[in-house]
Amino acid sequence: MRIAKDGQTVDSKEFATAAGDKIPNGDMSGWSKRIWIDGSNNEYPITYPNPEGMKVWDSGNNAFLEQNNGEETLFTPLCRQDETEPGTARLQARMVLGFVFAPGNMFTGDFDYSGFSGTVNFGKPYAWTARPRALKVRYKAQVGKIDKVGSYDPDKDSYKDQPDRARIFVAVVNWKAQHGVTSGMTEPAGMWDPAAKTSLDEGAILGYGDLVITQTATGWVEATLPFNWYAKDAANPASAPFSLVISCATSVRGDYLTGCSTNTMQVDDFEWVY
């Protein structure tokens, strides 16, 4: 800032924008293994989108696919560090065992797998110091036609052979517990959409940002997801017990096992815009 009189500078001062909050492993550079224990107490190392010791991000389906003592020749995890571009997350859909559609996904939360169904538990505590204006992220995507519709999808007839869509969304929530979404070989339950609801049984949804990807992008796209705040005049979000949800999915109806089995998504560089 410059203060001038008769064209001459009489005082000046520089202001720097606050650094703001950081999203843990937002650059997708940290990867590790977590130990998953099955019903027979067998231990399997599962690909985990966090550096060692961090528990912020997780993914569905890896626990099912990597029950092979770490040998990934048959069942490559559907959320992993990209082989050709290390430091980015690669999400991949696939037909598993030739008949089960598995979408690629990654989210802030925890994943539980039992039998042939899994539960995504959305939400992590986050130490907010300011209310962001938007979420910025880079992505690549391959989006094709829906070639698999889930038997429990109530609208399956209207989606068959239609163009699929991928999705990234963020939500600031005030939840007393994580919100679970269960899907797989049983009837899915718990589906939610922050663009359609302001609260769930676990508590309020304070605001959200949303990106629906309808076209293939072979090069990196930098996207900004502006926040839509339901609680416009509220103070900065509280940190606990659960206050942050970020979700990335190769198919918007993946919870119903409906989507395109060749879809892929790469994501990197999550950061807040103030």
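**Exercise 1. Find how much space lies in the largest pocket, and describe its lining.**

*Solution.* About 890 Å³ of space lies in the largest pocket of this predicted model. A pocket is an open set of points on a 1 Å grid over the protein atoms alone, where a 1.4 Å probe fits, with protein on both sides within 12 Å along at least five of seven lines. Its volume is the space filled by probe spheres set on the points, which are joined across faces, edges and corners. Rolling a probe the size of a water molecule over the atoms shows where empty space is left.

Step 1: count the lining. The largest pocket has 43 lining residues; such residues have an atom within 4 Å of a point. S183, R253, G254, D255 and Y256 lie nearest the centre.

Step 2: name the elements. Those giving two or more residues to this lining include β9 (100-102), β10 (105-114) and β11 (117-122). Strands are DSSP runs (E, at least two residues), numbered from the N terminus; helices are runs of H or I, at least four residues.

Step 3: sort by class. The lining has 25 nonpolar, 11 polar and 7 charged residues. Here Ala, Val, Leu, Ile, Met, Phe, Trp, Tyr, Cys and Pro count as nonpolar, Asp, Glu, Lys and Arg as charged, and the others, Gly among them, as polar.

The model is predicted: local features need pLDDT of at least 70 and side-chain atom pairs 80 or more, while totals for chains, interfaces and linings use all residues. Residues are numbered from 1 along each chain as its sequence is written, and side-chain values use heavy atoms, without hydrogens and water.

**Exercise 2. Describe the second largest pocket.**

*Solution.* Step 1: take the volume. About 200 Å³ of space lies in this pocket.

Step 2: take the lining. It consists of 15 residues, and G150, S151, G184, M185 and L257 lie nearest the centre.

Step 3: sort again. This lining divides into 9 nonpolar, 4 polar and 2 charged residues.

**Exercise 3. Place R253 and trace its partners.**

*Solution.* Step 1: locate R253. It sits in the loop between β19 and β20 (264-273).

Step 2: check its exposure. R253 is buried, with a relative accessible area of 13%. Buried means under 20%, exposed over 50%, and partly exposed in between (1.4 Å probe, protein chains only).

Step 3: list its contacts. Leaving out residues up to four places away in sequence, R253 touches D153, P154, D155, Y159 and T258. A contact means heavy atoms within 4.5 Å.

Step 4: find the salt bridge. The side chains of D155 and R253 form one (3.9 Å, N to O). The term means a side-chain nitrogen of Lys or Arg within 4 Å of a carboxyl oxygen of Asp or Glu. D155 lies in the loop between β12 (134-142) and α2 (156-159), so the pair ties together parts that are 98 residues apart in sequence. D155 is partly exposed, at 38%.

**Exercise 4. Compare two further salt bridges.**

*Solution.* Step 1: take R167 and D193. Their side chains meet at 2.8 Å, N to O. R167 is in strand β13 and D193 in the loop between β14 and β15 (199-200), 26 residues apart. R167 is buried, at 14%, and D193 is partly exposed, at 26%.

Step 2: take R80 and E83. Their side chains meet at 2.6 Å, N to O. R80 is buried, at 10%, whereas E83 is exposed, at 51%.

Step 3: widen the view. The structure holds 12 salt bridges. R138, D268 and D269 are linked in a network of them.
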